[in-house]
Amino acid sequence: MTTEAPLLDLAERVPLDRPHDDIEAVRAYDLGMRRSALMAYKRPTERILAAYREGMSDFVDIGFNTGLLSLHVAGRLPDVAVSGVEEFANLVDVAEDNLTLGVWANMAGDVEFEQSKLSRLPFPDDSADIVYSFSSLHRWRRPVETLREAARICKPDGTVLIEDVNRLAEEGHITFILQFVKEGGDQFMRSLKAAYSPGQARDLLREAGLDDWHVAEEDLGLVISNRPVTPVSM
């Protein structure tokens with residue numbers, strides 16, 4: 001009896017080496033994400049909207065990449081102030097370009113982006129209604145400290161939603177995504193190899209003292225949250 005070997009070697013996590021240090025590569029990444037935005041951002045957007053309640057006023061995006069998700073969320077919820085924090089200068093520069101385009105297009109919404117250490121977020125305790133992050137956890141320099149910071153700034157009745165790819169997702173989900181990213185396939189696979197497994201995510205939460213938080217698997221994704229989340233259909 002033989003056992004089929006996995007097509008992809010993802011057993012061990014391989015952290016990214018100097019991510020996003022090439023501005024042209026960041027612009028190409030941003031263009032690729034814009035082309036796939038309907039698919040890439042639908043689920044995190046719907047999850048954030050499901051957590052929104054009337055009267056909420058402040059959201060924080062930890063590791064906003066090139067800002068596309070926050071711009072989209074702000075357009076859907078123009079009365080909410082969305083503050084994004086990112087560590088990598090090239091990502092901040094491209095996000096600012098996207099924000100400028102949004103302003104010129106009369107985009108509804110209140111968005112600010114700034115560069116800062118994710119492990120020391122520039123916000124007061126209990127100040128954010130929803131704290132979210134999408135496709136960023138795998139490159140956090142100090143994930144345990146950043147998780148603690150997410151808990152610190154979230155209001156007691158607020159929601160934390162941290163979504164990233166699951167390194168141990170079924171190969172069928174991975175190959176499906178590879179059909180769409182095409183020229184961005186190599187970068188996607190580097191990010192996937194740098195991502196955490198569900199068990200590793202739970203280890204991070206335990207180290208951060210957040211044992212009561214939740215880790216859910218969803219197709220290709222991994223969702224870390226401070227309260228149970230309702231699955232979002234695609």
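For a pair of helix axes, angles under 35 degrees count as roughly parallel, over 145 as roughly antiparallel, 65 to 115 as roughly perpendicular, and the rest as oblique. The views below come from a predicted model, where local features need pLDDT of at least 70, side-chain atom pairs count only at pLDDT 80 or more, and totals for chains, interfaces and linings use all residues. Residues are numbered from 1 along each chain as its sequence is written, and side-chain values use heavy atoms, with hydrogens and water left out.

**View 1. The whole chain, with its eight helices and seven strands.** Helices (H or I, at least four residues) and strands (E, at least two) are DSSP runs, numbered from the N terminus. Half of the picture is interior: buried residues make up 50% of the 234 residues (buried is under 20% relative accessible area, exposed over 50%, partly exposed in between, with a 1.4 Å probe and protein chains only). Among contacts (heavy atoms within 4.5 Å) with a separation of 6 or more, 79% join residues 24 or more positions apart. Mean pLDDT, the predictor's confidence in each residue from 0 to 100, is 89 for the protein chain, and 90% of the residues reach 70 or more. Residues 1–6 are another story, with pLDDT below 50 and one contact in the model beyond near neighbours in sequence. Where pLDDT is low, the predicted coordinates should not be read in detail.

**View 2. Helix 5 crossing helix 8.** Two packed helices are described by the angle between their axes and the distance between the axes. Here helix 5 (residues 143–153) and helix 8 (residues 198–207) have axes that come within 9 Å and cross at roughly 65° (axes are lines fitted to C-alpha atoms, for helices over the stretch in contact, and angles run from 0 to 180 degrees between N-to-C directions). The two helices are therefore roughly perpendicular to each other. Their crossing is right-handed, meaning that the near helix is turned clockwise from the far one by less than a right angle; anticlockwise would be left-handed. Helix 5 brings Pro143, Val144, Leu147 and Arg148 to the contact, and helix 8 brings Leu204, Leu205 and Glu207.

**View 3. The buried residues of helix 5.** Pro143, Val144, Thr146, Leu147, Glu149, Ala150 and Ile153 are the ones to pick out. Besides helix 8, the buried residues of helix 5 pack against strand 1 (58–62), strand 4 (128–134) and strand 5.

**View 4. Asn166, tucked into a loop with 0% relative accessible area.** Look for Asn166 between strand 5 (154–165) and helix 6 (171–181). The Asn166 side chain makes a polar contact with the side chain of Glu217 at 3.2 Å (a polar contact is a pair of N or O atoms within 3.5 Å; within protein, one must be able to donate a hydrogen and the other to accept it, and residues adjacent in sequence count only if both atoms are side-chain atoms). Leaving aside neighbours within four places in sequence, Asn166 also has contacts that include Leu192, Tyr196, Pro198 and Leu222.

**View 5. Lys155 of strand 5 alongside Ala128 and Asp129.** Lys155 is partly exposed, at 24% relative accessibility. Ala128 sits 27 residues away along the chain, yet the two C-alpha atoms are separated by 5.6 Å. Lys155 also touches Asp126 and Ser127. The side chains of Lys155 and Asp129 make a polar contact at 3.1 Å.

**View 6. Glu86, a buried residue of strand 2.** Strand 2 spans residues 81–86, and Glu86 has a relative accessible area of 0%. Glu86 and Gln115 are 29 residues apart along the chain, with 5.0 Å between their C-alpha atoms. Not counting residues up to four places away in sequence, Glu86 touches a list of residues including Phe64, Asn65, Glu114, Gln115 and Arg139.

**View 7. Lys193 of helix 7 and its partners.** Helix 7 covers residues 185–194, and Lys193 is partly exposed, with a relative accessible area of 34%. Among the residues Lys193 touches are Asp9, Glu12, Arg13 and Arg167. Arg167 is 26 residues away in sequence and 6.2 Å away in space, C-alpha to C-alpha.

**View 8. His20 and Asp219, two non-glycine residues with positive phi.** His20 has a phi of about 60° and is found in the segment before helix 1 (23–35). At 18% relative accessibility, His20 counts as buried. Asp219, with a phi of about 55°, lies in the loop between strand 6 (214–218) and strand 7 (221–225). Asp219 counts as partly exposed, at 40% relative accessibility.
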